[in-house]
Amino acid sequence: MTKKVTITDLAHKAGVSVTTVSQILNGKQDRFSDKTVEKVHRLQRDMGYVPDFNAQSLIKKSGRTIGVLLPNINNPFFSRFLRGIEATAMEHDYVPLIFGSNNSETLESHYLLESIRRTADGMIIASAVSDLNYIDKILSQNEVPYLLVDQAPVVEGDQINANNYQGGSLLAEYLLEKGHQNVVVVADSNPTLNMEHRLAGFLETFKKAGQPISNDHIVKTDLTKMGGYQVTQQVIKMKPTAIFAINDEIAIGLYRGIHEAGLNVPADISVVGYDDIDLTEYISPKLTTVHQAAFEMGQHSAAMIIERIKNRDEPIQSVTLPVKLVERESVKKIN
């Protein structure tokens with residue numbers, strides 16, 4: 001087995017001290033000649049030397065890492081969100097540690113503890129954490145600042161979200177304008193605050209228009225394509241003219257179920273979604289939805305947590321990003 005290259009090996013090969021190598025590799029190369037700096041960096045590449053992360057973390061008391069806790073890493077919305085985090089984190093020389101909880105309280109707790117153990121400098125929490133008071137206690141006690149994404153503000157702290165109430169209202173106004181009154185909503189079985197706002201905006205707008213949607217026209221399922229597919233028959237039996245899927249993943253599952261039932265979107269049933277994930281432009285017909293700036297949300301999240309890491313006394317940060325309706329081909333006008 002090949003022996004791991006150490007900083008001592010590199011220093012010996014370069015003919016300099018371990019201290020010199022350490023300072024050059026930690027950005028203090030102005031103290032040395034260009035020839036020495038070039039030689040150390042060249043030998044580092046040639047020998048494949050990688051500084052020991054744990055040793056550096058102990059010395060600096062910082063891992064230059066940001067823990068990112070997500071509910072579902074397979075959801076395309078969170079893929080774009082992560083790309084935004086990565087882009088900003090790299091600009092500031094931070095590395096995101098990405099964890100998917102799969103909406104499990106056990107996994108959430110495990111990954112939070114692991115983030116602390118691995119000296120994460122801060123946490124971005126987009127998962128539907130079960131007990132934010134517990135989260136606040138464990139992170140605060142270990143002096144790890146955190147940012148909540150679309151979560152209930154149970155504890156006072158930094159937060160970023162999108163205007164979900166407005167997004168739900170935009171979709172309701174659009175369906176009413178197209179003449180749809182008999183509408184079924186396919187919502188989340190275990191809604192977080194952002195989902196509750198999304199649903200409230202939709203329902204309130206129909207109510208104000210004198211067309212309230214009854215509770216038996218709200219179907220609950222998982223926030224996945226399979227969740228949408230599994231409730232299709234239940235929805236079709238209600239004979240709606242339109243369906244509001246609380247996210248695009250559910251809408252795509254409904255598309256499959258509607259097609260298998262011998263019906264067509266939008267000729268027989270109109271469908272709208274929410275999030276504007278990449279797939280919405282590639283299914284047929286293209287899905288009308290609400291666009292959330294997932295990439296920008298990731299960028300803002302990373303920038304905000306890095307600012308908090310640098311300045312713990314900064315005033316509470318709160319950002320609400322706008323949403324917009326994206327009209328495509330999945331809604332039929334019926335009046």
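Of the 335 residues in this protein, 48% count as buried. Keep in mind as we walk through it that this is a predicted model. The secondary structure amounts to 13 helices and twelve strands. For the overall outline, the C-alpha trace spans about 85 × 40 × 35 Å along its principal axes. The radius of gyration is 25 Å, whereas a compact globule of 335 residues would have one near 20 Å.

How do the contacts run along the chain? Among those between residues at least 6 apart in sequence, 71% join residues at least 24 apart. On the outside, the protein exposes about 16,900 Å², and carbon and sulfur atoms supply 49% of that area. As for charge, there are 34 positive and 40 negative side chains, with the centres of the two sets 6 Å apart.

Let's start near the N terminus, with helix α1, which covers residues 7–14. Its buried residues are L10, A11 and A14. Because they cover an arc of only 100° around the axis, they lie on the same side of α1. The general background is helpful here: an α-helix has 3.6 residues a turn, so residues three or four places apart point the same way. The face of α1 turned away from the buried side carries the exposed residues H12 and K13. And what do the buried residues pack against? Their partners include α2 (18–25) and α3 (34–47). Right after α1 comes G15, which has a positive phi near 75°.

The next helix, α2, can be read in a similar spirit. Here T20, V21 and I24 are buried. They cover an arc of only 100° around the axis, which puts them on the same side of α2. The cover over these buried residues includes α1 and α3. Just after α2 there is again a glycine to look at: G27 takes a positive phi of about 85°.

Further along, find V219 in strand β7 (residues 218–221). Is V219 buried or exposed? Its relative accessibility is 3%, so V219 counts as buried. Leaving aside residues up to four places away in sequence, V219 touches V184, V185, V186, A187, V231, Q234, V235 and M238. T241, for its part, is 22 residues from V219 in sequence and 15 Å from it in space, C-alpha to C-alpha.

The last stop is a stretch with some less common backbone geometry. As a rule, most residues other than glycine have a negative phi, and most peptide bonds are trans. Against that background, look at the loop between α12 (248–260) and β9 (270–272), where P266 is found. The peptide bond from V265 to P266 is cis, with omega near 0°. Moving on, the loop between β9 and β10 (289–292) holds P285. The peptide bond leading from S284 to P285 is cis too, with omega near -5°.

That loop between β9 and β10 also contains D275 and D276. D275 is not a glycine, yet its phi is positive, about 125°. D276, likewise a residue other than glycine, has a positive phi near 60°. Are these two aspartates buried or exposed? With a relative accessibility of 5%, D275 counts as buried. D276, at 11% relative accessibility, counts as buried as well. The cut-off behind both calls is a relative accessible area under 20%.

Technical notes
Residues are numbered from 1 along each chain as its sequence is written. This is a predicted model: local features need pLDDT of at least 70, side-chain atom pairs count only at pLDDT 80 or more; totals for chains, interfaces and linings use all residues. Side-chain values use heavy atoms; hydrogens and water are left out. Helices (H or I, at least four residues) and strands (E, at least two) are DSSP runs, numbered from the N terminus. The radius of gyration is taken over C-alpha atoms; the globule rule is 2.2 Å times the number of residues to the power 0.38. Buried means under 20% relative accessible area, exposed over 50%, partly exposed in between (1.4 Å probe, protein chains only). Contact means heavy atoms within 4.5 Å. Accessible areas come from the Shrake-Rupley method with a 1.4 Å probe; for residues, only the protein chains shown count as cover. Lys and Arg count as positive and Asp and Glu as negative; His and the chain ends are not counted. The place of a charge is taken as NZ of Lys, CZ of Arg, CG of Asp or CD of Glu. The arc is that of the directions from the helix axis to the C-beta atoms.
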